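Visitor: I am new to reading structures, and I would like a careful look at one part of this one. Could you take me slowly through a single residue and its surroundings, and then through a few others that deserve a comment?

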Amino acid sequence: MCGGIQYQYKEETVKTYFPNPNAELPILMKNQSIDLIRWGRRKEQQGHLPQGGWARHESILQGTWDKYRPVPVKIQVNVFMEKDQDKVSHWFNLEEGQFIQGLLAHWDDECRVYVVTVSPPMQHPVHDRWPRVISTLN
């Protein structure tokens, strides 16, 4: 389900995990700059946006997220982490030009990003959900 990511930000390698209440994801903006946006919402955090850090692609298509004024975004990471059923971490590289699709959700002044998930590709059945990987062609 993409529980951790690693990315480059201002010449620094950053590794963060969803359980960290201060976790942020690097969003590629239209002007090609990177903005760091808070990754989802944990149950102990105040707010009106959904708890968790992920948005099922199917639920987006069904309109479940519409009330949060969703905006599709590109999360620019080098690698992401999935844990298998034995809680062993596995890291997966993204290729040049690939991004994880994110959903930027809004409620009044609150704004958070969620990782869009799909069923995993057959070659990586580590977890039952997988981040939706898109390319610059998407």
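Guide: What follows is a close look at one serine, and after that at two cysteines and two loop residues. This is a predicted model, in which local features need pLDDT of at least 70 and side-chain atom pairs count only at pLDDT 80 or more, while totals for chains, interfaces and linings use all residues. Residues are numbered from 1 along each chain as its sequence is written, and side-chain values use heavy atoms, with hydrogens and water left out.

The serine is Ser 59, which lies in helix H1, residues 57–61 (helices, H or I with at least four residues, and strands, E with at least two, are DSSP runs numbered from the N terminus). Ser 59 has a relative accessible area of 15% and is therefore buried (buried means under 20% relative accessible area, exposed over 50%, and partly exposed in between, with a 1.4 Å probe and protein chains only). The side chain of Ser 59 reaches the backbone oxygen of Arg 56 at 2.7 Å, and a polar contact of 3.1 Å joins the side chain of Ser 59 to that of Trp 65 (a polar contact is a pair of N or O atoms within 3.5 Å; within protein, one must be able to donate a hydrogen and the other to accept it, and residues adjacent in sequence count only if both atoms are side-chain atoms). If neighbours within four places in sequence are left aside, Ser 59 is in contact, meaning heavy atoms within 4.5 Å, with Thr 64 and Trp 65.

Turning to the cysteines, the structure holds 0 disulfides, a disulfide being a pair of cysteine sulfur atoms within 2.5 Å. Cys 2 is in no disulfide, and the nearest cysteine sulfur, that of Cys 111, is 18 Å away. Cys 2 counts as buried because its relative accessibility is 0%, whereas Cys 111, at 29%, counts as partly exposed.

Finally, two loop residues have a positive phi although neither is a glycine. Lys 10, with a phi of about 50°, is found in the loop between strand S1 (4–9) and strand S2 (12–17), and Lys 10 is exposed, because its relative accessible area is 67%. Asp 108, whose phi is near 55°, is found in the loop between strand S9 (98–107) and strand S10 (110–118), and Asp 108 counts as exposed at 62% relative accessibility.
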